[in-house]
Amino acid sequence: MEMHSDENEPACVAAAEILVDLTHQESGIPNSANEILKYNGVDRFLKLIKTQLLSADTKVRINQWMVNIVIVDTIRDKLLASKGIEQLLTISRDIIKESHGLQLLDTLFQLLAALVQTAEHVAKFFQHQGINFLVGVCRTSNDISILTTSVSTISSFIAIDSDLQILFGKHPDLIDCLIELFSKGQSKNLVVTICNTLQALCNDNDANKDKVLKAGGFLSLIRLAGMKNRDISVTAIDTINVIATGNSQFQKEFRDKKAVVPVLNLLKKSRTARVQLCVGKALWTIAGDDVAEQRSMALLLGIPLVVDLVSQLIHDELHLIGSTALYVLALGPNHKRDNIYKQAAAIPLVRMLKSDKEAHVVSAVRCIRNICVGIGYVPHEGNRKLVLEQLGARYLVALINHSLAKNIQSEASLTLSYLTIGNHELYDDLTKETNFSYLQILNMIYNYPVEYKVLAAGALATFAYNNTKQQRELAKMGGVRFTALEELLQNSDMEIRLNGAFQMVVLSRIIPDVPPAQSCAKGLQTIVETMEGLGTSNLSSQSLGCDIIARLSHTRAGIPGAFTVINTLELLCNRIKLESSDLQGCASVALGYLTYDPMARRRLLYICRHDPQLMEVIKVYTDNGVISPSFLEQWNHQRDVGLPPHSDRSYLVHRERRVSYNKLRSTSGTNPRPVTMASVHSFPDSCADKMNSMDRNYVETV
């Protein structure tokens, strides 16, 4: 230390070399800190760093020694107390003015970054115009090393506190300066440092994101994402991911300018886990929250690549992205379940059920549900068989019995019930080989919050759907109280309300405290009223409503006739006219199943004769079995004969036999009377009487 204080350059160089070596190992720094303070090492350092008698190279070694030891709190406090920030900034400004000793400037910036560790220190740095000085260096210097260190210093300051992110973002020139630096060469270290700084500025800060876009950051980042240097491209894509998160404007701009392709090509060319994670996260963030955009992105990725993401063994974050992509691909009428089956996606999805992360398990459970069952509760035999072969049903039972998360229990219950649609023997196998029981699901209905209750009630309804044996089993356990389901019908969430109405219709025969016809009519009334109330808004809820009508249209007798009488066909036809392929598909499938009812078939023939374009849309979405052959035969006959469209709106059903749904609702004044099966006494063929007698016979049998 005595030699270090001498202004004799050879002695200083030798002493600095020794001190750097002694403090290079972190374990030796705390022991030497007390000795340094004892001999006034900090003051001697400031004296030597300011002297003109030593060369810049010697000062670099001395400065490096201080960089090594400033991590010790006592050393840092002493340097701050000695006005270290002010003195270091003064020395740095002198170097810039004299245009020599640039290597020393580099180490001075490193020392400043190590010295400033709190928001209070940063405030002092701002007070002495430190940020303006760094921005000025970035704009005037052409030395890559100094530029890199300057930007890195700014980044380290921003990372200290979230409030500093706002403070630095408000600087009028900082973000513009960072974007301009992208054009000062393609140094990997510089570009990566700039990208990291932009990430620090933009993380959860919409104002800074907008400034980056206005400064031209979009085009710069796209250009960097397509570069051959893997480190640069991956860091640029990471920055795109940060800026795109929660920024719908950036997401839309990215998609509209076809910028997805170069990023996607990087994912397809590279199989390294790091690149797949980075690009996969960015692409899914760019897709946003809109299901249609997510589906478009998933189609661009391709099902084989999506399945590879789910099968990834290194980064389980890719599992979540892949399972979500498969989920949206299996949604709606334009589903890709056959392609998903060919890629055996069910195998890695079942494996995801064993994950210790709640979000991953929930995503896998939902995805399995979607790939196994489509619109109108039509099962996909291939995917379901794969799930059962991989013991997926047993894993779901284990989640119901042992998971501590209520959402996992309720989601698993619903997915398990989906596996039993059309597979009545599965429940018997489960009860014999596992400890599964309906009592667990009933407990969820009565004790869980409404968002989980609706899933559990949906599970019971699906177990009972077109399955009289399971309905008897549920009736033996006491059934489901009307009030438990009525709560769902009064919920403000339209999807919960629609699901509750479906469950009330299906479970009406095992609701002990209300007559079956009344609860069934209450559910049908709620479905139609809710869809009418939505109008042309909330297309996802509209699609769900059409899907529910499709499910109920091929269940027990009387329901299709009830739908016809309360003008559901007209409601569905109006939904087909909206610009949404999912909604059009769900409405078309529902109409297809309704054509198996004679009265519905006659009415739909009239509607399609008045508007033939509706029939063209319906045929696009309905395969064999979904639409009545008799309806198609009569429609083709009408077209062959060449009957003109009707000139008025009267239907084939006689006016006196039609029941106005709105009139029925308004007959009781301010308290509308529920449309029960008994009230709809004018159904053709006495549908209401048939449904009531069937319900009475069923209850007597149980």
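Q: R139 first. Buried or exposed, or in between?
A: In this predicted model, R139 is partly exposed, with a relative accessible area of 36%.

Q: Which side chain does R139 meet in a salt bridge?
A: E180. The N to O distance is 3.5 Å.

Q: Where do R139 and E180 sit in the chain?
A: R139 is in helix α9 (residues 130-140) and E180 is in helix α12 (residues 174-181). They are 41 residues apart, so the pair links distant parts of the chain.

Q: And what is the relative accessible area of E180?
A: 42%. That makes E180 partly exposed.

Q: New topic. What does D611 form a salt bridge with?
A: K577. Their closest N and O atoms are 3.9 Å apart.

Q: Which parts does that pair tie together?
A: Two loops. D611 lies between α40 (598-610) and α41 (612-621). K577 lies between α38 (568-576) and α39 (581-594). These parts are 34 residues apart in sequence.

Q: How accessible is D611? And K577?
A: D611 is partly exposed at 24%. K577 is also partly exposed, at 48% relative accessibility.

Q: Now E616 and K619. What do their side chains meet in?
A: A salt bridge, 3.9 Å from N to O. The two residues are three apart in helix α41, so about one helical turn separates them. E616 is partly exposed at 39%, and K619 is partly exposed at 38%.

Q: Back to R139. Which residues share a network with it?
A: D173 and E180. Salt bridges with shared partners join the three.

Q: How many salt bridges in total?
A: The count comes to 18.

Key: Residues are numbered from 1 along each chain as its sequence is written. This is a predicted model: local features need pLDDT of at least 70, side-chain atom pairs count only at pLDDT 80 or more; totals for chains, interfaces and linings use all residues. Side-chain values use heavy atoms; hydrogens and water are left out. A salt bridge is a side-chain nitrogen of Lys or Arg within 4 Å of a carboxyl oxygen of Asp or Glu. Helices (H or I, at least four residues) and strands (E, at least two) are DSSP runs, numbered from the N terminus. Buried means under 20% relative accessible area, exposed over 50%, partly exposed in between (1.4 Å probe, protein chains only).
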